[in-house]
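Me: I am new to this structure. Please take one part of it, look at that part closely, and then show how the rest is arranged around it.

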Amino acid sequence: MKRVGGILLAFLLIFLAVGCGKSGDEKVIVYLSSEEYRVEYFQKRLKEEFPHYEVVLEYLPTGTHAAKLEAEGLETECDISFELDYGYLGSLEKLFADLSAYDSSPYLAELVPDSGNYLPTLRNGGCIAINREILEQKELPVPDNYRDLLKPEYKGLISMPNPKASGTGYMFLKSLVNAWGEEEALAYFDALTSNILQYTSSGSGPVNALVQGEAAIGLAMTAQTVTEINRGVDLELYFFEEGSPYSLYGMAMIKGKETRPAVKEVFEFFKDSLVIEDKELFFPEKIFKERDFVLENYPVDILYADMSGDSPAEKARLLEKWDH
Amino acid sequence: MGKNKLTVEKLSKQFGTNEVLQNISFTVEEGEFLSILGPSGCGKTTLLRILLGLETAESGRIIKDGIDIAGLPPAQRGMGMVFQNYALFENMTVLGNVEYALKKRGGSKKARSTALELIERVGLSGHLSKKPRQLSGGQQQRVALARTLAVNPDIILLDEPMSALDVETRLALRSEILDLQKEFGSTIIYITHDQEEAFAMSDRIMVMHEGVIQQIDSPHKLMDQPANDYIRAFVIHNIQVKIDSLIRYSREAK
Amino acid sequence: MKTSGKLTAVKGLLLIFFAVSVLLPLLRMLARMTTVDIRGLLVSGPFLAALKNSLVVTAVSTLIAVFLATLLSWLLERSRIRFKGLFALLFTLPMLIPSISHGMGLVVLFGANGLVTGWFGLKGSIYGFWGIVAGSVMYSFPVAFLMLSDILRYEDSSPYEAADVMGISRRHQFASITAPFLRRPMLSTLFAVFTLIIIDYGVPLMVGGQYKTLPVMMYQDVIGLLDFGKGSVIGLVLLTPALVAFILDVLNRDKLTLSFVARPFRVRKNRLRDGLAYVTSGLVSLAVLLPIAAFLLLTLVKKYPSDMRLSMDNISRAFNMGAGANLGHSLVIALVTSLTGVALSFLVAYMTARTPGKLSKILHLVSLISLAIPGIVLGLSYVLFFKGSLIYGSLAILILVNLVHFFASPYLMIYNTLAKLNEHLEAVGQTLGVSRISIIRDVILPQAGGTLAEMFTYFFVNSMMTISAVAFLATAGTRPLSLMITSFEAQMLLECAAFIALLILTVNLLVKGLFTYYRSRKERSAYEPDQAAV
Ligand SMILES: Nc1ncnc2c1ncn2[C@@H]1O[C@H](COP(=O)(O)OP(=O)(O)OP(=O)(O)O)[C@@H](O)[C@H]1O
Ligand SMILES: [Mg+2]
């Protein structure tokens, strides 16, 4: 039976051996949920800027990113969390270091969170994206307002992300709640449900469905729609009178890690350089008071919807009432 | 015959609250063929397993050739056992089965020749490289016997060795076992449910019931002088069996 | 006795292993449940609706999958068609890719603008009830097919021959011989498939549309709302079918050894039956190959469906994003998981199947728990329990989580094999003066070879495919290939996701092929009854 003990010991050793990772003072770990092409760009710039540091960009899909931080708590190996949406950031607030030492005056006032534990990095707006070709095939007009979408002729042609699974979906819901009142907004989505092809689980689902010709009308992400248009896909985008709903994304440092100079330097580089370059190259929507960014085919002077009063508690409360 | 081979004194065994053996005492003489009869669950297998050292008794002594063997590991007791369903090594050939233990104990040259001899003795020389599944039940039983004999035990224990065989094969194997016993001078303790078989083969029969030995005597005495009502019922119940075997005895005598 | 002391020590060690790798992490997770209004949740409208949806869609999918599997396994085992090996291989292909890919395959083929939809001008939508059914049948029917084929292959033909002699009609033969023979295995198959489908969220997430099932609800609670407690409660509910299956199994366990005298079937000529078999097998093969062909197409065009020019863009893009390195991680994880998994499950099964005692029973029960833990719950409970420890963030934790996640099935395979071997082998060894270790090495292991290979394959294939549990535990330096499917999906790079699915399929196919080759060689050499005698 000695051998059996030996085998068990061997298991343990294997685990320990595989388990020994490297560590170092110069290592900075960033959890981020940006698209891979943006991650690539960040990585390149970080290498140029900090050749002596090892900056690990750990891509995680948004939900995994948040769930993992929630589970790991302060013991996480993550130093910087980049591009979680405000809802998640709010519920994870207690994990983050105080950032009030940084000047928040360049940002639009309504984007700065009360807690001062995270800073905005990105505004992701929503639009009504249209695949005109399909509408024309079915001889249907482009809808003018949200009410139009309830018409029976649009049945099965509309795609929208599920608010429970996707921030994009939630922001459409919240914008209408703010514009019309809760009851009316929820009743509206109840009615809309019968016209919807599928509540997609990811925010990018609707544009995807439009590109593939699965759906004709998408409650979609503006940036993604523009990207597809620039790629030559024949899509159009509109905003209804309630304005473009948007969600906000931010960045934070894990509490206790802000004392490491390397972490701080990398965080500041993100804040002062990468966020701005990102606007110039990929996501131009407005977060600064004084600076605007222009991109090919990107709508300018977007009228934004009223997204006030959003908090994790509010989101949980509203989603409780959402049962599609 | 006549020399005391094995003495069991006041052996008791319980599983939890189940008293399987209660103060069992008996002796077996050298070269004797002792059968154990008794209803299912009366502790026959348990008794053999204790004799072999596969199970430990709560109390009692087991004396073989004048030495208390209770503390010895099974392999050093000089006993061999043929298990129910044979328990052959399915992945090995007939030869492999028989020579395995010998090889493991060292001396593989000797192992081969001993094994070949034994296989020859049980009449399976033509099947050396067959696997157990390619053999008939009786052939498998012979392999099990040869495997047990290979390590040269002086007491052989058999636990319902023929229960899975058809009548003809059983009859054939009976005399083979008796012949082997004579040739190797072994002492045999033999569990069976087949009373006719016990009456036909044994020097003495031990009838067990509820963990107690009811009677241990020659087949003759068991019939003529039953020790108690249980045995009487047992024997009357088998009056037919008795007549059958008597007839067979007389036939064999001729 | 000394040896039994050693056995107890080993069992103790194994129990400690399970306590650390299963029970304690799970308790950490369940501790979060105390804050949940469990009663309120279990009677809430959305929960009940999802429960009903889950039950209905799972029941329908299970029936279809098992029906198909019965038909096909019967046709392959009892007809004289050629290419049986090829067909059997094709039928099991869907087991080798993650379930989420089946959802994707359906969308690409049958979505409003899908390939097939386009060719045939189909109307209607794949999203919703029938979408889930189609996807679920796809990945679960191979499991049923394998189980039933095994049963039919070892059915004894002699009762049928006797019945033929007596002039009993085919229909009566079916009612009085086949049906009773198939009842038990059929029940186990139904349960296995049901359990498999009811806990899956890959397919309903992709094509469920508005038809929301419990696993999707769990997914959205845990991931969308960070409500681990509520998610765990739903996870526990999902555990019920597996538990019921387990209890039924324990109650009905007959320890009878298989009769080895089973006569193989001699299949008679029957043109009609064989024709039917060709047509059915061909159709199902087509259904299995279609999504794979779609993945191939998706991989090899620039941008589906707008730009259908051939290109290697997607492949090179996938490799630029680390497909190569991640394939490496996956291979290491799968290989180490399989090796340690096979060794560990053999050790545990040896203890539980061949050494009696209370500890063995406890060990047996604990070994089966993992069957029922949803991957998401397992993964997060590992984060909660192992964060900050030495193995956290390393390949080791991914290996450990896979080991636990996939332990139960291979464990049961080897448990059954070991329990069937003659119970006296070790006792024989003892009386012959041969140690337990020697008996294990020389007698038991050689007889378990086929099962061990099958277990290896199971661990390997599943470790290559799994997404749910590892999603929370992987880091950039350890990310397995399968996770690229979800991240590509999240970024709408369906083409790359299709390529990754193909890559996983290829690796798994190779491993599976090796296994099939090994088994057929072994069968030919070792266990067949004497051909000449038949
Ligand atoms: N390992 C064990 N643990 C608990 N009880 C046992 C064990 N082995 C045997 N028993 C019990 O001891 C009793 C005697 O069993 P044993 O196998 O000796 O009977 P037997 O006389 O050989 O019966 P059979 O003729 O059916 O083989 C039975 O009640 C059995 O259930
Ligand atoms: Mg017995």
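The shell around ligand 1

Reply: Sorted by class, the residues that form the shell around ligand 1 are 3 nonpolar, 7 polar and 2 charged. The model is a predicted one, and the distances and areas below are computed from it.

The members of this shell come from chain B: B:Phe15, B:Asn18, B:Val20, B:Ser40, B:Gly41, B:Cys42, B:Gly43, B:Lys44, B:Thr45, B:Thr46, B:Glu160 and B:His193. In the sequence, a run of them goes from B:Ser40 through B:Gly41, B:Cys42, B:Gly43, B:Lys44 and B:Thr45 to B:Thr46. Two elements of chain B, strand E2 (18-29) and helix H1 (44-52), each supply at least two residues of the shell. H1(B) gives the largest share, with 3 residues.

Three polar distances show how chain B meets oxygen atoms of the ligand. At B:Gly41 the backbone takes part: one of its polar atoms is 2.7 Å from an oxygen atom of ligand 1. At B:Lys44 it is the side chain, with a polar atom 2.7 Å from an oxygen atom of ligand 1. B:Thr46 also uses its side chain, where a polar atom lies 2.4 Å from an oxygen atom of ligand 1. As for cover, ligand 1 on its own would expose 640 Å², and the protein buries 61% of that area.

The next step is from the ligand to the partners of chain B. Which chain does chain B touch? Chain B touches chain C, with 27 residues of chain B in contact with 25 residues of chain C. Chain A is not joined to chain B by any contact, and the closest C-alpha atoms of these two chains are 17 Å apart.

The contact between chain C and chain B buries about 2200 Å², and carbon and sulfur atoms account for 63% of it. It includes 1 salt bridge, in which the side chains of B:Lys104 and C:Asp442 come to 3.2 Å, N to O. Polar contacts add to the picture, with 7 residue pairs found across this interface. On the side of chain C that touches chain B, helix H20 (425-432) and helix H21 (436-465) each supply at least two residues. H21(C) provides the largest share of that side, 7 residues. By class, the side of chain C that touches chain B divides into 13 nonpolar, 8 polar and 4 charged residues.

Chain C also meets chain A. Of the 2 pairs of chains in contact, chains A and C share the most contacts. Here 55 residues of chain A meet 67 residues of chain C. The area buried between chain A and chain C is about 5300 Å², with carbon and sulfur atoms giving 63%. There is 1 salt bridge between these chains, and its partners are the side chains of A:Glu58 and C:Arg479, at 3.2 Å, N to O. Across the interface of chain A and chain C, 8 residue pairs are in polar contact. Helix H1 (residues 2-19) of chain A gives the most to the side of chain A that touches chain C, with 9 residues. That side of chain A is made up of 23 nonpolar, 16 polar and 16 charged residues.

Salt bridges also occur within a chain. Over all chains the structure holds 42 of them. One joins the side chains of A:Arg38 and A:Glu83 at 2.7 Å, N to O. This pair links distant parts of chain A, as A:Arg38 is in helix H2 (residues 36-49) and A:Glu83 is in strand E3 (residues 80-85), 45 residues apart.

To return to the part asked about: ligand 1 is surrounded by residues of chain B, chain B is in contact with chain C, and no contact joins chain B to chain A.

Notes: Residues numbered from 1 in each chain as written. Chains lettered and ligands numbered in written order. Predicted model: local features only at pLDDT ≥ 70, side-chain atom pairs only at ≥ 80, totals over all residues. Heavy atoms only, no water. Contact = heavy atoms within 4.5 Å. Buried area = accessible area lost by both parts, 1.4 Å probe. Salt bridge = Lys/Arg side-chain N within 4 Å of Asp/Glu carboxyl O. Polar contact = N/O pair within 3.5 Å; in protein donor to acceptor, adjacent residues only side chain to side chain. Helix = DSSP H or I, 4+ residues; strand = E, 2+ residues; numbered from the N terminus. Nonpolar A, V, L, I, M, F, W, Y, C, P; charged D, E, K, R; others polar. Near = heavy atom within 4 Å. Areas by Shrake-Rupley, 256 points an atom, 1.4 Å probe, with all protein chains shown as cover.
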